[in-house]
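Colleague: Could you take a close look at the salt bridges in this model for me, and then walk me through whatever else catches your eye from there? I work at the bench, so plain words are welcome.

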Amino acid sequence: MIHFIPQTLKYKLFLTFLLVILLPILILNMTHVQKFETLMKEQVSSQNLEQMTTITSSLGNLLGVAEKTFTLIEQDSFVTAILKHPEVGITYPSIQQKVKIEEKFNAINNSVFIANSYVYYTVLDLEEHVYTSYGPSRILSYSGIAAIPRMQEAFQGKPQSKWQLEEGGLNSDFGIQPSLLTMYKALRDENNRIYAVVRMGVDYQSWLRSAIPSPVNEELYVLASSEGEIYARSSTSTTTVLPNPLNTVDWEPIGSQVENDHIVSYSKIPGLNWYLIKSIPTKYLFHKVNQLQQSYFLTTLLIAVLFIVMTFLISTTITRPLQLLQRKMSDVVKRNLKIQLPEESYKGEILTFVQAFNNMVRDVESLLNRLKEEERNKEAMRFQMLLSQMNPHFLLNTLNTVKWLAIEIGNKQIPEVCESLGKLLEAGMRLDVDLIHLEHEIELAQRYISIQQLRYDREFHVDITFDPELRFALVPKLSLQPLIENSIYHGFSKMDRSGRIEIRVHKEENELVIEVEDNGVGLEQANTSTAAGHGIALKNLEERLTLLFRKQGKISVESVQSGTLVRIRTLFLLSTPYVKGDGLHVDGSLGRG
């Protein structure tokens with residue numbers, strides 16, 4: 001592969017252009033076109049499904065309303081009177097009675113369906129009378145209609161609650177229809193005896209032709225059963241053809257798919273085991289897309305040729321002066337960047353390179369000098385840090401010496417004070433730790449309290465209460481000590497009674513609340529200097545809370561009936577120490593708050 005890689009900059013630029021610019025553009029172009037076609041198919045399918053859902057819902061509503069009109073016929077007193085007592089007209093009902101019943105049918109159609117109705121009624125009574133809401137294409141035979149199996153079942157009182165396909169022959173606005181969707185309902189009197197049967201027929205083919213929009217781009221709408229048999233179609237065009245029967249075995253109630261260069265969308269009709277299907281040839285959808293794609297490819301090819309020519313021109317213009325500059329830069333490298341190139345000897349773009357190179361040399365020299373200075377400063381700072389670490393260690397060693405001297409002379413208080421002070425110093429020296437367990441913080445507070453009680457001859461006492469389950473909650477290090485110190489120095493300084501400090505820790509939802517309350521003189525009676533010192537300690541603690549917990553760390557000070565209450569709120573964090581064999585390395589409540 002190395003032998004096929006160009007060695008000169010000119011041809012490297014050319015190869016780079018082909019691989020990095022031209023080839024990705026072509027790949028992106030093909031990918032975008034494919035994505036655009038997919039997106040267009042999805043959009044067309046979505047629009048088709050939305051449109052077909054509306055159309056199928058209208059047919060479902062039509063069937064539902066048609067079924068409900070049976071109640072209107074059953075409740076009409078004039079119609080039921082004629083059907084219950086057909087003997088008024090002797091052998092046949094009078095013309096007036098027939099006209100009245102037909103007017104009732106028209107009134108139902110006009111009141112319920114508003115626009116063109118595709119529902120037709122045929123009523124048979126027990127005296128061989130036939131009433132219709134339409135003009136039949138042939139003379140209706142009572143015996144012929146009564147011999148229909150479903151009509152016989154209706155007269156026998158067998159329930160029929162489904163629409164079924166049935167041969168028909170009626171004059172509608174669209175001609176004589178070969179078949180209808182029909183349902184039979186029996187009319188019963190107050191004694192539950194059947195006195196007539198209503199046959200409701202829906203002209204679904206006329207409905208289909210009027211419900212769909214004007215077909216464009218060879219669109220085809222068909223009505224088909226769940227077995228795939230086609231019952232009606234919107235067009236007789238031979239361009240768009242669907243097999244009959246269709247393969248509808250795996251169809252969902254609604255969906256879309258691509259078959260034989262056609263987008264086929266379908267929606268199941270409510271109340272029927274039928275599908276409304278729409279088929280659109282993809283060649284009509286993507287005709288303009290293909291033209292745009294060809295135009296885009298030609299444009300891309302033309303731009304690629306122009307870029308190739310420009311690449312050779314630019315590479316030649318760049319490489320020639322660069323070769324000259326390379327020789328000059330080699331001389332500079334040999335002299336360890338101690339010299340600069342003469343800017344007056346160059347012009348044009350090379351002058352810009354020369355000026356940039358000279359600036360680079362000056363910047364490198366300045367950077368080297370700055371690095372040397374920083375190294376010297378770092379060494380000095382490290383030396384000072386080592387010295388600062390020696391002082392606390394010296395103080396701890398001194399406290400330890402005093403402790404053992406006091407033990408030798410039999411003093412019991414001094415060793416306790418030394419040990420407590422040593423613990424506080426060790427905690428302050430741990431600069432890498434900001435949060436400690438609550439039980440450790442309370443231990444440090446007790447160390448500080450023991451020192452102050454010794455100093456003030458136990459003129460105050462401290463009560464600490466907290467839930468043992470909170471002992472591993474994380475709190476800011478040395479957060480209790482300044483609050484206790486404020487209570488001792490500022491709260492009890494002007495008191496003639498025994499001081500009391502209460503430290504309470506509890507959990508509220510996802511917060512840890514620490515309260516320090518004393519029975520001192522309170523905030524209002526503190527003098528100016530005392531209040532200033534009190535504020536500095538609280539200000540420092542507030543800044544620490546902000547650094548550690550952001551807005552979830554707060555401190556508040558308020559006067560109570562007999563002193564001052566300081567309340568700290570922080571985010572509740574639980575860090576249970578790992579014990580080998582527990583099974584859990586991290587407590588499940590950590591961070592749950």
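Modeller: Let's start with Glu-508, which counts as partly exposed because its relative accessibility is 32%. Please keep in mind that this is a predicted model. The side chain of Glu-508 meets that of Arg-569 in a salt bridge, at 2.9 Å from N to O. This pair links distant parts of the chain: Glu-508 belongs to strand 16 (residues 499–508) and Arg-569 to strand 19 (residues 563–571), 61 residues apart. Arg-569 has a relative accessibility of 24%, so this residue is partly exposed too.

Another salt bridge joins Arg-504 to Glu-502, with the closest N and O atoms 2.7 Å apart. Glu-502 counts as partly exposed, at 24% relative accessibility. Both residues also belong to a network of salt bridges that links Arg-500, Glu-502, Arg-504, Glu-515, Glu-517, Glu-558 and Arg-567. Over the whole structure, the search finds 14 salt bridges. One of them pairs Arg-193 with Asp-189, where the closest N and O atoms are 3.7 Å apart. Asp-189 has 17% relative accessibility, so this residue counts as buried.

A charge can also sit over a ring: the charged end of Lys-185 is placed over the ring of Phe-70, 5.9 Å from its centre.

That brings us to the rings themselves. The structure holds five aromatic pairs. Among them, Trp-251 and Tyr-266 are stacked, with 4.0 Å from centre to centre and 5 degrees between the planes. This pair too links distant parts of the chain, 15 residues apart: Trp-251 is in the loop between strand 9 (230–233) and strand 10 (254–259), and Tyr-266 is in strand 11 (residues 262–268). Trp-251 and Tyr-266 are both buried. Tyr-266 also pairs with Tyr-275; here the ring centres are 5.9 Å apart and the planes stand at 85 degrees, so this pair is edge-to-face. Tyr-275 is buried, as is Tyr-266. Elsewhere, ring pairs link Tyr-204, Tyr-231 and Trp-274 into a cluster.

From Tyr-231 we can step to Asn-244: the two are 13 residues apart in sequence, and their C-alpha atoms are 9.7 Å apart in space. Asn-244 is in the loop between strand 9 and strand 10, and its 49% relative accessibility makes Asn-244 partly exposed. A similar question of sequence and space arises for Glu-219 and Ser-234, which are 15 residues apart in sequence and 8.8 Å apart from C-alpha to C-alpha. Glu-219 lies in the loop between helix 6 (204–211) and strand 8 (220–225), and counts as buried at 12% relative accessibility.

Now for the surface. Leu-15, Leu-19, Val-20, Ile-21, Leu-23, Ile-25, Ile-27 and Tyr-296 form a nonpolar patch there, and together they have about 680 Å² of accessible area. Helix 1 (residues 9–75) gives the most to this patch, with seven residues. Tyr-296 lies in helix 8 (residues 287–334) and is partly exposed, with a relative accessible area of 42%.

Last comes helix 11 (residues 438–455): at 1.5 Å a residue, its 18 residues should span 26 Å, and the end C-alpha atoms are indeed 26 Å apart, which agrees. Its buried residues include Leu-438, Ile-442, Ala-445, Tyr-448, Ile-449 and Gln-452. Asp-457, which follows helix 11, has a positive phi, near 55 degrees.

Methods:
Residues numbered from 1 in each chain as written. Predicted model: local features only at pLDDT ≥ 70, side-chain atom pairs only at ≥ 80, totals over all residues. Heavy atoms only, no water. Phe/Tyr/Trp six-rings, centres within 6.5 Å; stacked < 30°, edge-to-face > 60°. Helix = DSSP H or I, 4+ residues; strand = E, 2+ residues; numbered from the N terminus. Buried < 20%, exposed > 50% of the residue type's maximum accessible area, 1.4 Å probe, protein only. Lys NZ or Arg CZ within 6 Å of the ring centre and 35° of its normal. Expected span 1.5 Å × (residues − 1). Patch = residues over 30% accessible without salt bridge, like charges linked within 9 Å, V, L, I, M, F, W, Y side chains within 5 Å. Areas by Shrake-Rupley, 256 points an atom, 1.4 Å probe, with all protein chains shown as cover. Salt bridge = Lys/Arg side-chain N within 4 Å of Asp/Glu carboxyl O.
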